[in-house]
There are 2 protein chains.
Amino acid sequence: MILAEGYSADPHHGKTARGVIRYRPEDIVAILDTERAEGDTQDGFPVVRSVEEARQYGPTTALVGVATTGGRFPPKWRELLKDAIRAGLDLESGLHEFVSDDPELVELAREHGVELRDLRKAPPGLNVPTGANLTHGATTVLTVGSDCAIGKMTVSLELDREARRRGIKSEFVPTGQTGIAIAGWGISVDAVVSDFIAGAAEQLVLEGVERGGELLLVEGQGSLLHPFYSGVTLGLIHGSAPHAYVLCHKAGERFVEGDERFVIPPLSELADLHARMSLLARPAKVQAIALNTRDLDESAARRAIEEAEAETGLPADDPVRFGAGKLVDALERP
Amino acid sequence: MILAEGYSADPHHGKTARGVIRYRPEDIVAILDTERAEGDTQDGFPVVRSVEEARQYGPTTALVGVATTGGRFPPKWRELLKDAIRAGLDLESGLHEFVSDDPELVELAREHGVELRDLRKAPPGLNVPTGANLTHGATTVLTVGSDCAIGKMTVSLELDREARRRGIKSEFVPTGQTGIAIAGWGISVDAVVSDFIAGAAEQLVLEGVERGGELLLVEGQGSLLHPFYSGVTLGLIHGSAPHAYVLCHKAGERFVEGDERFVIPPLSELADLHARMSLLARPAKVQAIALNTRDLDESAARRAIEEAEAETGLPADDPVRFGAGKLVDALERP
């Protein structure tokens with residue numbers, strides 16, 4: 001069951017809910033939003049207004065799928081979380097405020113024998129990379145981008161789907177809370193101690209190999225140019241040690257975070273910068289461009305893709321809109 | 001009093017002791033090392049073999065100046081720390097294992113009314129940058145480098161000394177445990193949650209301005225090319241938003257961390273890379289090269305400096321060996 005309280009009022013805060021609905025629908029039984037009308041459905045799932053009402057669908061876990069304002073739980077939310085625990089559901093949350101650090105929830109969870117899982121909590125025992133990121137046998141592809149929140153996770157997931165369809169032993173490697181909620185494993189690299197970003201990224205790649213991945217599609221974070229999150233981005237690049245990048249960009253976007261002081265350079269320059277910033281021991285290049293054309297009509301989208309190809313000399317496509325075939329072809333090129 | 005237990009046996013682990021002895025000698029009364037002989041001195045300070053013996057010098061604080069193997073306190077160390085607390089000394093430590101999280105030490109400190117200070121512990125309430133790193137009126141200079149542990153902190157401190165000598169209102173901005181031990185303030189940016197590296201760096205720069213700095217000499221960390229710590233480096237670059245860089249390099253060093261897989265590119269390429277990776281809203285260039293010539297004789301050192309100048313077209317010098325005058329001149333150029 002996805003706790004999507006207030007999601008209908010503000011879908012922007014529902015990144016985790018949206019991601020799980022799209023990429024892990026087989027595990028969803030209901031969506032909870034007290035603000036919706038009786039009998040509502042969303043994306044084919046029943047919308048319930050209380051934990052009680054959800055019980056008929058047999059949920060086992062309640063996933064916090066919406067960011068709360070300020071990252072803390074308002075009183076109404078606390079009641080929902082307590083209801084879920086009392087109903088015997090495990091709780092899973094990707095917020096900065098950890099449910100497993102909340103004394104009241106911890107006590108209640110103990111009483112009811114349920115588990116509290118914080119998707120963003122760093123695992124213990126992290127360290128710097130061992131060097132095994134350079135010696136495992138798999139091929140690693142990292143999504144990078146001109147900005148945050150333009151679809152790097154989605155591109156990695158679409159590439160993974162298409163690769164699997166082709167019979168490639170591919171593995172999506174989650175590096176943020178939504179990716180973790182979808183895949184059921186991973187580390188939120190933005191929440192680890194900064195000395196250990198690269199070490200956490202290496203650990204994720206090695207786990208991808210252990211899970212049988214021969215092609216690892218690592219979820220990118222932030223942007224090398226981002227004024228807040230670039231440190232996470234570079235640590236992820238050097239720790240995951242990709243063989244190739246897919247550069248993600250939102251068509252028409254000119255500024256990082258929409259801030260005019262942060263002008264996004266041309267895609268060809270961005271591609272060159274990623275090549276130059278690659279791990280010294282693992283030269284890598286941008287092999288394809290993933291363009292997010294959500295805000296364009298179809299002919300404008302096709303034009304934007306052609307322009308990106310002309311400017312960079314690389315294959316480009318919108319894998320959500322037109323399928324990931326062309327991008328996977330680009331990755332399969334020798 | 002500096003706790004430098006075992007320092008004579010392994011001076012490489014004594015980075016904090018060395019830094020404080022060099023740059024904060026006025027606050028040192030004694031150095032403790034149980035392995036040294038009675039009556040020994042070090043850098044002009046009495047060496048004592050016990051906290052009891054140190055009391056004649058009137059210490060108020062015991063600084064852990066040596067990294068312990070594995071970052072944890074061995075039994076012998078614990079006894080020393082407990083002796084110091086029982087003697088009424090505040091305890092200051094830059095290790096990854098926090099003294100203020102150790103129940104036994106916390107209890108003992110409470111009994112004896114002393115303070116436990118972890119130089120590496122991140123302050124609460126960190127967040128992403130506010131943008132004030134771009135609007136304060138000071139000039140910010142960041143040391144960057146081809147590798148870790150080649151003297152970036154030392155260069156920043158030498159530039160600060162020389163600038164002050166010239167009457168410039170200069171402020172050294174500490175970003176790591178040794179810098180913090182020397183300056184008495186700061187944040188260890190490698191120990192913050194990775195989402196907040198840039199925010200912590202901005203906070204440090206703003207504190208430098210509050211302290212009256214018109215020229216901020218920010219201690220650099222790691223290297224853009226470092227396979228472990230590059231994330232910290234880039235977050236520090238984007239958060240501190242420097243107007244200029246001083247590029248530090250150890251003369252003759254060809255590989256990052258001495259690892260042949262990580263070949264350091266030419267200094268001119270490194271300088272160009274830093275310019276390109278600058279915050280989009282704050283273009284900055286390498287303005288001078290600081291060469292660590294420790295391992296060379298004087299004529300070889302002068303030759304290495306000339307070669308660096310010829311290769312990069314920038315002023316170069318070893319500020320520890322030959323004074324920081326030439327580098328400060330380079331920063332004062334319009």
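A residue counts as buried here if 20 or more other C-beta atoms lie within 10 Å of its own. I'm keeping that cut-off at hand for the first entry, and noting that this is a predicted model.

**Entry: helix α12 of chain A**

I looked up which residues of α12(A), the helix spanning 325-332, are buried, and got L327(A), V328(A) and L331(A). Then I looked down the helix axis: the buried residues of α12(A) fall within an arc of 95°, so they line one face of the helix.

Next I asked what covers the buried residues of α12(A). Among the strands of chain A, I noted β8 (139-145), β11 (244-250), β12 (285-292) and β13 (316-317). The helices on my list include α5 (152-165) and α11 (319-322), also of chain A.

**Entry: domains of chain A**

The domain assignment splits chain A into domain 1 (2-118) and domain 2 (132-332). I checked the spacing of their C-alpha centres, and it comes to 29 Å. For contacts, I found nine residues of domain 1 of chain A against six residues of domain 2 of chain A.

Which helix gives the largest share of the domain 1 side? It is α1 of chain A (residues 15-23), with five residues. By class, I get an even split for the side of domain 1 of chain A that touches domain 2: three nonpolar, three polar and three charged residues.

**Entry: where chain A meets chain B**

I moved on to the two chains. Here 30 residues of chain A are in contact with 30 residues of chain B. I wanted to know which elements supply the chain A side, and those giving two or more residues are α7 (197-210), α8 (230-240) and α9 (267-276) of chain A. Of these, α8(A) gives the most, at six residues. I also sorted the chain A side by class and wrote down 21 nonpolar, five polar and four charged residues.

**Entry: a sheet in chain B**

Last stop, the strands of chain B. I traced an open sheet of seven strands with mixed pairing, in the order β3-β4-β2-β1-β5-β6-β7 (chain B). At its edges I found β3 (41-42) and β7 (116-118) of chain B, each pairing on one side only.

A reminder to myself: strands of a sheet pair through backbone hydrogen bonds, either parallel or antiparallel.

I zoomed in on one edge. How many bridges join β6(B) to β7(B)? I count three between β7(B) and strand β6 (residues 90-93) of chain B, and the two run parallel. In that pair, L91(B) stands opposite L116(B) of β7(B).

Key: Residues numbered from 1 in each chain as written. Chains lettered and ligands numbered in written order. Predicted model: local features only at pLDDT ≥ 70, side-chain atom pairs only at ≥ 80, totals over all residues. Buried ≥ 20, exposed ≤ 12 C-beta atoms within 10 Å, placed from the backbone. Helix = DSSP H or I, 4+ residues; strand = E, 2+ residues; numbered from the N terminus. Arc of directions from axis to C-beta. Contact = placed C-beta atoms within 7 Å. Pairing = 2+ DSSP bridges. Nonpolar A, V, L, I, M, F, W, Y, C, P; charged D, E, K, R; others polar. Domains from an automatic or database assignment.
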